[in-house]
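Let's take a walk through this structure together. Have a look at the picture first, and then we'll go through it piece by piece.

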Amino acid sequence: MAILAVDNVSKRFGGLVAVDSVSFSVAEGEILGIIGPNGAGKTTLFGLISGFMPPSAGDVKFDGASIVGVAPHLLVRRGLSRSFQIVQTFADMSTLDVVTTAALVRRPLLEAIDYAGHVLARVGLQGKEHLTPKQLSLQDKKLLEVAKCVATDPRLVLLDEVMAGLTLAETEAPLAVIRELNAQGVTIVMIEHVMPVIMRLAQRMIVLNFGAKIAEGTPQEIVENKAVVDAYFGDHVDA
Amino acid sequence: MRPDFYRTLLSPWPWLVLTVGAVMPLLLPNYYLHILTVTLIYAALASAWNIVGGIAGQISLAHSLFVGAGAMLSSALLVKLGVNMWLGMLAAAAVSAVIGALVSFIDYRFRLGHLSFALITLAFAEMAEIYVIGTDFLGGASGLFLPRDTGDITQFQFGGGRGAYWVMLGMTALCILVNLAILTSPLGYNLRSMRDNENAAQAIGVGLLRNKTLAMTISAVLTSIIGTIYARYLTFADPYLLASPVLTIEIVLFATVGGLGSAIGPALGAFLLAPVGEILRGQLGDKLPGLHYFIYGLVVIGVILASPGGVWSFIKSLGRRRS
C-alpha cells in the first residue's frame, strides 16, 4: 500500500503557481528522489506534505488518511518527519539537547537523552554532543538535520537537500545513514541536487519544473527523458 | 526529570543559602529587612517571568497585569466583599491563568513574531492598568487600603516585617525550583527549542500551542500569587505601582542582567540591582531628586557591559576557566 499519496496538489502564492497539480505516490519502504531546477517548487511541495502550509487545492494522504490541515508536530507523532534545506539552528541548545527534544516524541526523558546519544553516534557526530549547532561545520549541520529526523522514529522521512554543498566524499556519511534507515523499513522521499548521489540511491524519481511534474521513472529512464534534459539545459542544446 | 535536578536539590549550596536567608531577619534592622523583602519580591517576579521570557524566549510585557490581578483583585475581594485573602489569591491566580492562556492563544493563532508579541502583551498590560484605575470595585485611582496585619495566617496575614520576609523567601525559592524543574524536564527542552526556532521545533514534534500555554499559565499563576503577597506586605494595593507596565520593565531588566533562561540567573539579577536601587533612593532621593536614577542607570550599564550574557553565565565561565 502507498504510505504517501499526493493527489493533484497545488499551491498558489497570489498569481504565482508554485506547485501545479502534482500527483505521485510512494510505496512503503521505497526511496523516491525528487529533482528539478531551482525554483521548481520542490521545497514548497515538502512544506505542503509536512503540514507547514496548506495546499490551495488537492489532497495528501499519509497511511491512507488525509493529512491536509494536520499540524506539523502531530504529523511527526504519526511518523512523518522532515528535514530542512536551510539548516535550522538552535542557538542556545547543544546538539545533544536538540536531538533529545526530537527523541522526546516517543520516549520519556531519560531514555530520550540516551537514545539521542546513540543517534548522534550513528550519524557520525560522536564527540560533538555538547557543541551548539552554530559551532558545527556545514557537513555536520546536515548530519544534525538527519539526526533530528531519525530521533523521532519516523516511518516516512522527507529529506530536503541533505547533501547540497557537500563534496562527494562528504556525502558518504549521510548516504550510509539513509541506506541504513531504509534497510530498517523507513520510507524515504528526498530532494537532491547532487545527481550521482540520488542516481545511486533512489529507486524511482520524479522531476518537477515550474511547479508541475514533468517526468517519473527509474533513474535510468529519467536521464534519458527528453523533457528532463530540456528542463535542465534548455531545449536548444545540440547534442 | 533529569538526575541533575535531584543532585542540585541534594547539594548543600541551596540549603546553605536558604538557611542564611532565613536567619537574616534576626540580624538585620527593619530598614534593611524591608530592602531585602522587596528584593526577594523582585527576585521571585524575575524568576517567574523567566519561564516565559527566558526559557521560552518570549518577551512578555504583560506581567504587570498578572501582578496587578494578584494584588488588586484579591484586595478588592477582601475589602469590598470580605472574601478571605487566601481565596482571593486563588481567584486572582485563576484569572491570571485564563488571561495568560488567552495571550498564548492569540500568539499562536496569529503567529506573532517576537516584536509583535512584546507589543501585544504591552497593550494588554496598558489596558489592564487603565481598567483598574477606572474601576471603583478594584479601588480606582486611589487604590485599596488593607486591614492591619495582625499575624493571623488564616487571614493571609504574616505578622508584618519578619513574617512577610519569610513568606517571600519561600516564594522565591519556589519560583527558582519551578524554573529548575522545567529546565530539567521535557517541557524545558520543548520551550528552549521553540525559543530558538519555532518551525524547526515543530518539525521535531514540539506542539507550539500546548507548550506556550503551559509556560505562560505557570508564569502567570506564580506572578499573580507574588502580587497578592506584595499588596499584603505593603498593606496598600497601589495600582500605579502594582498594575503599571513600568513594573514589568524592572522585572525584565533584572532577569536580563542576571541571565535569561537559567534557573538562578534572574533572581541573582534582582539581588544585584534591586538593593542598589533602594539604597540609592534612600540615601540620595531627598538630596538631589533624580540623582539616584542617574547613578542606578550607570550601575546597570556597568553590570551589563561587564557580563553581556548575564551575570550568571559570567560566573559560570569564571568557574570553567579555573577548572
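How many residues of chain B are in contact with chain A, and how many of chain A with chain B? Bear in mind that what you're looking at is a predicted model. In it, 22 residues of chain B are in contact with 26 residues of chain A. Put together, the two chains bury about 1900 Å² between them, and 66% of that is on carbon and sulfur atoms.

What about charged pairs across this interface? The rule finds one salt bridge between chain B and chain A. It joins D97(A) and R192(B), whose closest N and O atoms are 2.7 Å apart. There are also two residue pairs in polar contact across the interface, both at pLDDT 80 or more. If you turn to the side of chain B that touches chain A, you'll find that α8 (186-196) and α9 (198-203) each supply at least two of its residues. The largest share, seven residues, comes from α8(B). By type, the residues on this side of chain B split into nine nonpolar, nine polar and four charged.

Now let's head inside. Nonpolar side chains tend to be buried together in soluble globular proteins. In this model, the largest nonpolar core has 141 residues, and M163(A), M190(A) and I226(B) are the ones that touch the most other members. Helix α3 (residues 30-55) of chain B gives this core its largest share, 15 residues. To get a feel for the surroundings of I226(B), look for its contacts beyond four places away in sequence: I41(B), A44(B), L45(B), A48(B), M168(B), M171(B) and C175(B). There's a second, separate core too, with 27 residues, including V22(A), L48(A), I49(A) and V70(A).

Is H63(B) buried or exposed? You'll find this histidine in helix α4 (residues 63-81) of chain B. With a relative accessible area of 0%, H63(B) counts as buried, because the cut-off for that is under 20%. Its side chain makes a polar contact of 2.9 Å with the side chain of S60(B). Leaving out residues up to four places away in sequence, H63(B) touches W49(B), V52(B), M216(B), S219(B), T223(B) and T248(B).

Next, back to charges. Side chains of opposite charge can pair when their charged atoms come close. Over all chains, a search of the whole structure finds 18 salt bridges. One of them joins E198(B) to R111(B), with the closest N and O atoms 3.7 Å apart. E198(B) sits in helix α9 of chain B, while R111(B) is in the loop between α5 (85-109) and α6 (114-133), so this pair ties together parts that are 87 residues apart in sequence. R111(B) is partly exposed, at 45% relative accessible area.

Compare that with R281(B) and E278(B), which meet in a salt bridge of 2.8 Å, N to O. Both lie in helix α13 (residues 265-284) of chain B, three residues apart, or about one turn of the helix. R281(B) is partly exposed at 42%, whereas E278(B) counts as buried at 17%. Another pair to find is R2(B) and D4(B), whose closest N and O atoms are 2.8 Å apart in their salt bridge. Here R2(B) is buried at 18%, while D4(B), at 22%, counts as partly exposed.

To finish, swing over to chain A, where E30(A), R204(A), K213(A) and E216(A) are linked in a network of salt bridges.

Definitions and conventions: Residues numbered from 1 in each chain as written. Chains lettered and ligands numbered in written order. Predicted model: local features only at pLDDT ≥ 70, side-chain atom pairs only at ≥ 80, totals over all residues. Heavy atoms only, no water. Contact = heavy atoms within 4.5 Å. Buried area = accessible area lost by both parts, 1.4 Å probe. Salt bridge = Lys/Arg side-chain N within 4 Å of Asp/Glu carboxyl O. Polar contact = N/O pair within 3.5 Å; in protein donor to acceptor, adjacent residues only side chain to side chain. Helix = DSSP H or I, 4+ residues; strand = E, 2+ residues; numbered from the N terminus. Nonpolar A, V, L, I, M, F, W, Y, C, P; charged D, E, K, R; others polar. Buried < 20%, exposed > 50% of the residue type's maximum accessible area, 1.4 Å probe, protein only. Core = buried A, V, L, I, M, F, W, Y, C linked by side-chain atoms within 4.5 Å.
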